[in-house]
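Okay, thanks everyone, let me get the model up on the screen. I'll walk through a couple of helices, then the cysteines, then one histidine.

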Amino acid sequence: MDKFTRALDLIGRHFSGDVLINHSPANGYRSRCEFGYKQGFYTMYDAHGKRIELRSFAIARPSIQNIMPKLIDYINNDYELSNKLFQINFRTNRNDHLLITLIYHKLLNHNLKQKASELANQLSIDLNIRARKELFSTGQELLADNLDVNNSILYQTDQSFYQPNHFHMPRMIDKAIEYIEDPFDLLELYCGSGTFTLPLSSVFNNVFATESNRQSIKCITKSIDEQNIHNIKYARLSAEEISEAFDGRIFRRMADINIREYKFSHILVDPPRSGLGEDVIPLLKKFKNIIYISCNYETYIKDLKMLSDYKITNIEIFDQFPNTPHLEIVSVIKNDSK
């Protein structure tokens, strides 16, 4: 049974309508790629643990595909750049600007920094080099991404999660906005760098967004400050900690934020593949409307079973990772009795 049949079968037990599947091009879609570096090649490992050596990567965005052979040749011809290099990461934005990160098992000495600057200038890229507790940037440490959705500008670091499918990310945001009815205030868990937070701030009166990852918080802070957005507040809290805050626990990380002053009409969750889990479900049951973004239809259905009083009112599938077992879901589940 393929992933589409399996997902539609599971969802069909909870939703009687048709479910649209949004397909992605099989190549050229991925704007975030991470590789090992060994013996002069980019490396990955297959499902059996066998190392695969690469010079190019067809599913990457064209800007990444084009730079990969040039970068690897440059590195291979320079001992300082190649010595004790073990990982190479690529990120690109919607304007095809590249942020590349080289990660080393050695100190970032002056000579290496100079070589990195020469490389960045030669290939017209922003380059980060990292070692344990060390970072050197030749340009901008953060990569800006301009979205057409409500003119939002998002930022990402080379260490933060960011939706990788160039084609589907804005469509998923548009779909979430389309599904929203009678908005007032929004609580968002797992907000990341603000992929949904910033565009949805134009829909809701106020947004309180939470995220536990420090790098993501750095990104959303920069977006809010630079765009002078006044109706978003955020705190570095896990979903479990927000549940405790609703029960009255005080967190210094919430500073002057009073959760009781909000009039939440919706909660948005975008959890990891493991889903929400039993500790977070009681918090969701306080809300009438749940916007659930899922990257794992199996755990989505598991969570839905724990929300037995809720019904799916809107749902679409996005095949973010063609030719893999993974699917992304954008949905609204509602409890009309609240």
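Before the first helix, a quick word on terms: when I say polar contact, I mean a pair of N or O atoms within 3.5 Å, and within protein one of them has to be able to donate a hydrogen and the other to accept it. And keep in mind that this is a predicted model.

So, start at helix α10, residues 297-306. Asn 296 caps its N-terminal end, with a side-chain oxygen 2.9 Å from the backbone nitrogen of Glu 298. Inside α10, the buried residues are Tyr 297, Thr 299, Tyr 300, Ile 301, Asp 303 and Leu 304. What sits over them? The cover includes two helices, α1 (3-12) and α9 (281-284), along with the strands β15 (289-294), β16 (311-318) and β17 (328-334).

Now over to α7, residues 214-227. This one has 14 residues and runs 20 Å from its first C-alpha to its last, close to the 20 Å expected at 1.5 Å a residue. The N-terminal end of α7 has a cap too: a side-chain oxygen of Asn 213 lies 2.9 Å from the backbone nitrogen of Gln 215. Just past the helix comes Asn 228, with a positive phi, near 55 degrees.

Which residues of α7 are buried? Those are Gln 215, Ser 216, Ile 217, Cys 219, Ile 220, Ser 223 and Ile 224. When you look at that pattern, remember that an α-helix has 3.6 residues a turn, so residues three or four places apart point the same way. Covering the buried residues of α7 you'll find, among others, β10 (153-156), α6 (197-200) and β13 (232-235).

One of those buried residues is a cysteine, so why isn't Cys 219 in a disulfide? Its sulfur is 10 Å from the closest cysteine sulfur, the one in Cys 191, and that's too far for a bond, since the cut-off is 2.5 Å. Cys 219 counts as buried because its relative accessibility is 0%. Cys 295 is in no disulfide either, with the nearest cysteine sulfur, again that of Cys 191, 15 Å away. Cys 295 has a relative accessible area of 14%, so that one is buried as well. The count of disulfides comes to 0.

Last stop, His 168, in helix α5, residues 168-179. Buried or exposed? His 168 is buried, at 0% relative accessible area. Leaving out residues up to four places away in sequence, His 168 touches Asn 22, His 23, Ser 24, Phe 318, Asp 319 and Gln 320.

Okay, that's my tour; over to you.

How values were computed. Residues are numbered from 1 along each chain as its sequence is written. This is a predicted model: local features need pLDDT of at least 70, side-chain atom pairs count only at pLDDT 80 or more; totals for chains, interfaces and linings use all residues. Side-chain values use heavy atoms; hydrogens and water are left out. Helices (H or I, at least four residues) and strands (E, at least two) are DSSP runs, numbered from the N terminus. The expected span of a helix is 1.5 Å times one less than its number of residues. Buried means under 20% relative accessible area, exposed over 50%, partly exposed in between (1.4 Å probe, protein chains only). Contact means heavy atoms within 4.5 Å.
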